[in-house]
Amino acid sequence: MKRGLAVVNDMKVDASALFAKDLLALCQFTEDKVQERLNLLNELPLAMGGDARHMLVQNPQLFMSINRQAVKSSVRLLLKIGIASKDLASLFVSFPHLAISSESLEAQAKALTSYFSSKDLATMIMEWTKLLSPQLTADEITGRMEVVEALFGKDRAAKEVVAYGGSFFSRPFNLIRARLMYLKHLKVNTAKITLQQIIKARDDVFVTEMCGQKSTEEFRSFAKKLLASPSKAR
(Lines give C-alpha, C1' and ligand atoms only; values in the text may rest on other atoms or scores of the structure.)
Protein backbone atom coordinates (compact mmCIF):
# COMPACT_ATOMS: atom_id res chain seq x y z
CA MET A 1 0.00 0.00 0.00
CA LYS A 2 2.86 2.38 0.85
CA ARG A 3 4.23 1.81 -2.64
CA GLY A 4 0.91 2.72 -4.24
CA LEU A 5 0.53 5.84 -2.12
CA ALA A 6 4.07 6.91 -2.96
CA VAL A 7 3.49 6.45 -6.70
CA VAL A 8 0.42 8.64 -6.86
CA ASN A 9 1.76 11.22 -4.41
CA ASP A 10 4.87 11.65 -6.56
CA MET A 11 2.59 12.49 -9.50
CA LYS A 12 0.76 15.15 -7.46
CA VAL A 13 -2.42 13.08 -7.52
CA ASP A 14 -4.74 13.02 -4.51
CA ALA A 15 -3.80 9.64 -3.07
CA SER A 16 -6.39 9.91 -0.31
CA ALA A 17 -9.15 10.16 -2.91
CA LEU A 18 -7.82 7.06 -4.64
CA PHE A 19 -7.58 5.25 -1.31
CA ALA A 20 -11.26 5.94 -0.62
CA LYS A 21 -12.33 4.90 -4.12
CA ASP A 22 -10.41 1.70 -4.70
CA LEU A 23 -8.07 0.24 -2.09
CA LEU A 24 -7.36 -2.89 -4.15
CA ALA A 25 -6.37 -0.92 -7.26
CA LEU A 26 -4.15 1.34 -5.19
CA CYS A 27 -2.33 -1.61 -3.62
CA GLN A 28 -1.62 -3.01 -7.11
CA PHE A 29 -0.14 0.23 -8.47
CA THR A 30 3.47 0.28 -9.47
CA GLU A 31 5.29 3.31 -10.77
CA ASP A 32 5.92 1.62 -14.12
CA LYS A 33 2.28 0.65 -14.68
CA VAL A 34 0.85 4.04 -13.77
CA GLN A 35 3.50 6.03 -15.60
CA GLU A 36 3.09 3.87 -18.70
CA ARG A 37 -0.58 4.84 -18.93
CA LEU A 38 0.06 8.49 -18.18
CA ASN A 39 2.72 8.53 -20.90
CA LEU A 40 0.35 6.89 -23.34
CA LEU A 41 -2.30 9.54 -22.77
CA ASN A 42 0.28 12.29 -23.03
CA GLU A 43 1.72 11.16 -26.35
CA LEU A 44 0.08 10.77 -29.77
CA PRO A 45 -1.97 13.94 -30.39
CA LEU A 46 -3.61 13.75 -26.94
CA ALA A 47 -1.35 15.84 -24.68
CA MET A 48 -3.76 15.41 -21.78
CA GLY A 49 -1.46 16.46 -18.97
CA GLY A 50 -3.50 17.06 -15.83
CA ASP A 51 -6.57 15.48 -17.42
CA ALA A 52 -4.87 12.09 -17.43
CA ARG A 53 -4.27 12.37 -13.69
CA HIS A 54 -7.92 13.40 -13.28
CA MET A 55 -8.95 10.14 -15.00
CA LEU A 56 -6.73 8.22 -12.61
CA VAL A 57 -8.41 9.76 -9.56
CA GLN A 58 -11.95 9.43 -10.91
CA ASN A 59 -11.73 5.73 -11.74
CA PRO A 60 -8.43 4.01 -10.88
CA GLN A 61 -9.49 0.56 -12.12
CA LEU A 62 -10.64 1.99 -15.43
CA PHE A 63 -7.39 3.96 -15.69
CA MET A 64 -5.36 0.79 -15.21
CA SER A 65 -7.37 -0.88 -18.02
CA ILE A 66 -6.16 1.66 -20.60
CA ASN A 67 -4.27 -0.01 -23.44
CA ARG A 68 -2.15 1.32 -26.25
CA GLN A 69 -4.02 -0.32 -29.14
CA ALA A 70 -7.40 1.03 -28.03
CA VAL A 71 -6.05 4.56 -27.69
CA LYS A 72 -4.41 4.41 -31.11
CA SER A 73 -7.52 3.00 -32.77
CA SER A 74 -9.83 5.54 -31.12
CA VAL A 75 -7.55 8.43 -32.06
CA ARG A 76 -7.36 7.20 -35.65
CA LEU A 77 -11.15 6.91 -35.91
CA LEU A 78 -11.80 10.32 -34.32
CA LEU A 79 -9.32 12.04 -36.63
CA LYS A 80 -10.83 10.23 -39.61
CA ILE A 81 -14.33 11.51 -38.89
CA GLY A 82 -13.14 15.08 -38.60
CA ILE A 83 -12.21 15.72 -34.96
CA ALA A 84 -9.36 18.23 -34.57
CA SER A 85 -6.24 17.04 -32.73
CA LYS A 86 -6.69 19.78 -30.13
CA ASP A 87 -10.11 18.36 -29.18
CA LEU A 88 -9.05 14.74 -28.65
CA ALA A 89 -8.04 15.13 -25.01
CA SER A 90 -11.42 16.50 -23.95
CA LEU A 91 -13.19 13.57 -25.63
CA PHE A 92 -11.03 11.03 -23.79
CA VAL A 93 -11.83 12.78 -20.50
CA SER A 94 -15.57 12.75 -21.28
CA PHE A 95 -15.52 9.19 -22.65
CA PRO A 96 -12.67 7.25 -20.97
CA HIS A 97 -13.99 4.02 -22.49
CA LEU A 98 -12.33 5.21 -25.73
CA ALA A 99 -8.96 4.42 -24.12
CA ILE A 100 -9.99 0.87 -23.23
CA SER A 101 -11.75 -0.37 -26.37
CA SER A 102 -12.53 1.15 -29.75
CA GLU A 103 -15.19 -1.39 -30.73
CA SER A 104 -18.24 0.72 -29.87
CA LEU A 105 -16.65 3.77 -31.51
CA GLU A 106 -15.95 1.81 -34.68
CA ALA A 107 -19.61 0.82 -34.95
CA GLN A 108 -20.85 4.32 -34.08
CA ALA A 109 -18.47 5.97 -36.55
CA LYS A 110 -19.59 3.66 -39.34
CA ALA A 111 -23.26 4.45 -38.67
CA LEU A 112 -22.75 8.20 -38.25
CA THR A 113 -20.52 8.70 -41.29
CA SER A 114 -23.14 7.04 -43.48
CA TYR A 115 -25.53 9.91 -42.69
CA PHE A 116 -23.47 12.99 -41.80
CA SER A 117 -20.62 14.94 -43.38
CA SER A 118 -17.28 15.15 -41.54
CA LYS A 119 -17.85 18.84 -40.85
CA ASP A 120 -21.28 18.29 -39.31
CA LEU A 121 -20.17 15.18 -37.47
CA ALA A 122 -17.20 16.88 -35.83
CA THR A 123 -19.45 19.69 -34.61
CA MET A 124 -22.06 17.23 -33.38
CA ILE A 125 -19.55 15.14 -31.42
CA MET A 126 -18.01 18.15 -29.69
CA GLU A 127 -21.33 19.83 -28.87
CA TRP A 128 -23.56 16.84 -28.18
CA THR A 129 -22.07 15.35 -25.07
CA LYS A 130 -23.79 11.95 -25.31
CA LEU A 131 -23.15 11.17 -28.96
CA LEU A 132 -20.13 8.96 -28.22
CA SER A 133 -21.66 7.30 -25.18
CA PRO A 134 -21.33 3.49 -25.39
CA GLN A 135 -25.06 3.33 -24.58
CA LEU A 136 -25.86 4.89 -27.97
CA THR A 137 -25.43 1.86 -30.20
CA ALA A 138 -24.94 1.84 -33.94
CA ASP A 139 -28.30 0.07 -34.31
CA GLU A 140 -30.05 2.86 -32.44
CA ILE A 141 -28.38 5.54 -34.55
CA THR A 142 -29.41 3.72 -37.72
CA GLY A 143 -32.93 3.06 -36.44
CA ARG A 144 -33.55 6.70 -35.58
CA MET A 145 -32.14 7.97 -38.85
CA GLU A 146 -34.18 5.47 -40.88
CA VAL A 147 -37.37 6.87 -39.36
CA VAL A 148 -36.36 10.46 -40.16
CA GLU A 149 -35.41 9.43 -43.69
CA ALA A 150 -38.77 7.72 -44.14
CA LEU A 151 -40.50 11.05 -43.58
CA PHE A 152 -38.08 13.65 -44.96
CA GLY A 153 -36.12 11.65 -47.53
CA LYS A 154 -32.42 10.81 -47.49
CA ASP A 155 -31.13 14.20 -48.65
CA ARG A 156 -32.99 16.20 -46.01
CA ALA A 157 -32.88 13.84 -43.02
CA ALA A 158 -29.35 14.63 -41.85
CA LYS A 159 -29.94 18.40 -42.16
CA GLU A 160 -33.05 18.14 -39.99
CA VAL A 161 -31.22 16.19 -37.27
CA VAL A 162 -28.27 18.63 -37.26
CA ALA A 163 -30.67 21.57 -37.02
CA TYR A 164 -32.63 19.91 -34.21
CA GLY A 165 -29.65 19.28 -31.96
CA GLY A 166 -28.08 16.63 -29.78
CA SER A 167 -31.10 15.63 -27.74
CA PHE A 168 -32.41 13.81 -30.81
CA PHE A 169 -30.02 10.99 -29.99
CA SER A 170 -30.34 11.14 -26.22
CA ARG A 171 -34.06 11.49 -25.50
CA PRO A 172 -36.53 8.54 -25.54
CA PHE A 173 -37.45 7.88 -29.14
CA ASN A 174 -40.79 6.07 -29.01
CA LEU A 175 -43.02 9.15 -29.10
CA ILE A 176 -40.82 10.90 -31.66
CA ARG A 177 -41.05 7.80 -33.83
CA ALA A 178 -44.84 7.75 -33.44
CA ARG A 179 -45.18 11.34 -34.65
CA LEU A 180 -42.88 10.88 -37.61
CA MET A 181 -44.57 7.67 -38.71
CA TYR A 182 -48.04 9.17 -38.25
CA LEU A 183 -47.18 11.99 -40.67
CA LYS A 184 -45.75 9.39 -43.06
CA HIS A 185 -48.95 7.34 -42.71
CA LEU A 186 -51.08 10.39 -43.55
CA LYS A 187 -48.80 11.28 -46.51
CA VAL A 188 -48.42 14.80 -45.14
CA ASN A 189 -46.33 17.22 -47.22
CA THR A 190 -43.42 18.11 -44.95
CA ALA A 191 -41.92 20.79 -47.20
CA LYS A 192 -42.71 23.53 -44.66
CA ILE A 193 -42.45 21.43 -41.49
CA THR A 194 -39.23 20.88 -39.57
CA LEU A 195 -38.20 18.01 -37.32
CA GLN A 196 -37.98 20.46 -34.42
CA GLN A 197 -41.57 21.61 -34.94
CA ILE A 198 -42.82 18.03 -35.11
CA ILE A 199 -41.09 16.95 -31.91
CA LYS A 200 -41.67 20.04 -29.77
CA ALA A 201 -45.32 20.77 -30.63
CA ARG A 202 -48.05 19.92 -28.12
CA ASP A 203 -50.26 16.99 -29.11
CA ASP A 204 -53.20 19.20 -30.03
CA VAL A 205 -51.03 21.54 -32.10
CA PHE A 206 -49.33 18.57 -33.75
CA VAL A 207 -52.55 16.96 -34.92
CA THR A 208 -54.46 20.10 -35.92
CA GLU A 209 -51.67 22.06 -37.61
CA MET A 210 -49.58 19.24 -39.10
CA CYS A 211 -51.96 16.33 -39.58
CA GLY A 212 -54.86 17.98 -41.38
CA GLN A 213 -57.33 18.43 -38.53
CA LYS A 214 -57.09 14.83 -37.35
CA SER A 215 -58.14 14.28 -33.75
CA THR A 216 -55.74 13.77 -30.87
CA GLU A 217 -57.51 10.49 -30.11
CA GLU A 218 -56.77 9.17 -33.62
CA PHE A 219 -53.09 9.98 -33.23
CA ARG A 220 -52.89 8.37 -29.80
CA SER A 221 -54.60 5.25 -31.12
CA PHE A 222 -52.10 5.07 -33.99
CA ALA A 223 -49.19 5.65 -31.59
CA LYS A 224 -50.39 2.91 -29.25
CA LYS A 225 -50.54 0.38 -32.09
CA LEU A 226 -47.20 1.49 -33.52
CA LEU A 227 -45.40 1.34 -30.20
CA ALA A 228 -46.73 -2.15 -29.60
CA SER A 229 -44.87 -3.32 -32.71
CA PRO A 230 -41.19 -4.31 -32.47
CA SER A 231 -38.62 -1.75 -33.59
CA LYS A 232 -34.88 -1.26 -33.17
CA ALA A 233 -35.47 2.50 -32.90
CA ARG A 234 -36.38 2.96 -29.25
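## Helix packing in an all-helix prediction

Helix α14 (residues 174–185) and helix α17 (residues 216–227) pack with their axes 9 Å apart, at an angle of about 115°. Since 65 to 115 degrees counts as roughly perpendicular, that is the label for α14 and α17. The crossing of α14 past α17 is right-handed. On the α14 side, the residues that meet α17 are N174, L175, R177, A178, R179, M181, Y182 and H185, and on the α17 side they are E218, F219, F222, A223, L226 and L227. Sorted by type, the residues of this α14–α17 contact come out as nine nonpolar, two polar and three charged.

Before going further, keep in mind that this is a predicted model. The mean pLDDT over the protein chain is 83, and 85% of the residues score at least 70. Where is confidence lowest, and where is it highest? The low end is helix α2 (residues 15–21), with a mean of 51, while helix α11 (residues 138–152) sits at the top with 95.

As for the overall build, the protein chain has 17 helices and zero strands. Out of its 234 residues, 45% count as buried. Take the contacts in the chain with a separation of 6 or more: 70% of them come from residues 24 or more positions apart.

Two packed helices are described by the angle between their axes and the distance between the axes. Here are the three pairs covered in this report.

| Helix pair | Angle between axes | Axis distance |
|---|---|---|
| α14 and α17 | about 115° | 9 Å apart |
| α4 and α5 | roughly 135° | within 9 Å |
| α9 and α11 | about 15° | 8 Å apart |

Next up is the pair made of helix α4 (residues 31–42) and helix α5 (residues 50–58), whose axes cross at roughly 135°. Why are these two called oblique? Angles over 145 degrees would count as roughly antiparallel and 65 to 115 as roughly perpendicular, with the rest oblique, so α4 and α5 are oblique to each other. Their crossing is right-handed. α4 brings V34, L38, L41 and N42 to the contact, and α5 brings A52, R53, M55 and L56. That set of α4 and α5 contact residues splits into six nonpolar, one polar and one charged.

The remaining pair involves α11 again: helix α9 (residues 103–113) packs against α11 at about 15°. With angles under 35 degrees counting as roughly parallel, α9 is therefore roughly parallel to α11. α9 passes α11 in a right-handed crossing. The contact is built from A107, Q108, A111 and L112 on α9, plus A138, I141 and T142 on α11. By type, the α9–α11 contact holds five nonpolar, two polar and no charged residues.

Finally, a single residue to zoom in on: F169, which lies in helix α13 (residues 167–170). Is F169 buried or exposed? Its relative accessibility is 6%, and buried means under 20%, so F169 counts as buried. What does F169 touch, neighbours within four places in sequence left aside? F169 is in contact with F116, M124, W128, L131, L136, I141, R144, M145 and V161. L136 is worth picking out of that list: F169 and L136 lie 33 residues apart in sequence, with a C-alpha to C-alpha distance of 7.6 Å. I141 turns up twice, as a contact of F169 and as one of the α11 residues that meet α9.

Conventions:
Residues are numbered from 1 along each chain as its sequence is written. This is a predicted model: local features need pLDDT of at least 70, side-chain atom pairs count only at pLDDT 80 or more; totals for chains, interfaces and linings use all residues. Side-chain values use heavy atoms; hydrogens and water are left out. pLDDT is the predictor's confidence in each residue, from 0 to 100. Helices (H or I, at least four residues) and strands (E, at least two) are DSSP runs, numbered from the N terminus. Axes are lines fitted to C-alpha atoms, for helices over the stretch in contact, and angles run from 0 to 180 degrees between N-to-C directions. A crossing is left-handed if the near helix is turned anticlockwise from the far one by less than a right angle, and right-handed if clockwise. Contact means heavy atoms within 4.5 Å. Ala, Val, Leu, Ile, Met, Phe, Trp, Tyr, Cys and Pro count as nonpolar, Asp, Glu, Lys and Arg as charged, and the others, Gly among them, as polar. Buried means under 20% relative accessible area, exposed over 50%, partly exposed in between (1.4 Å probe, protein chains only).
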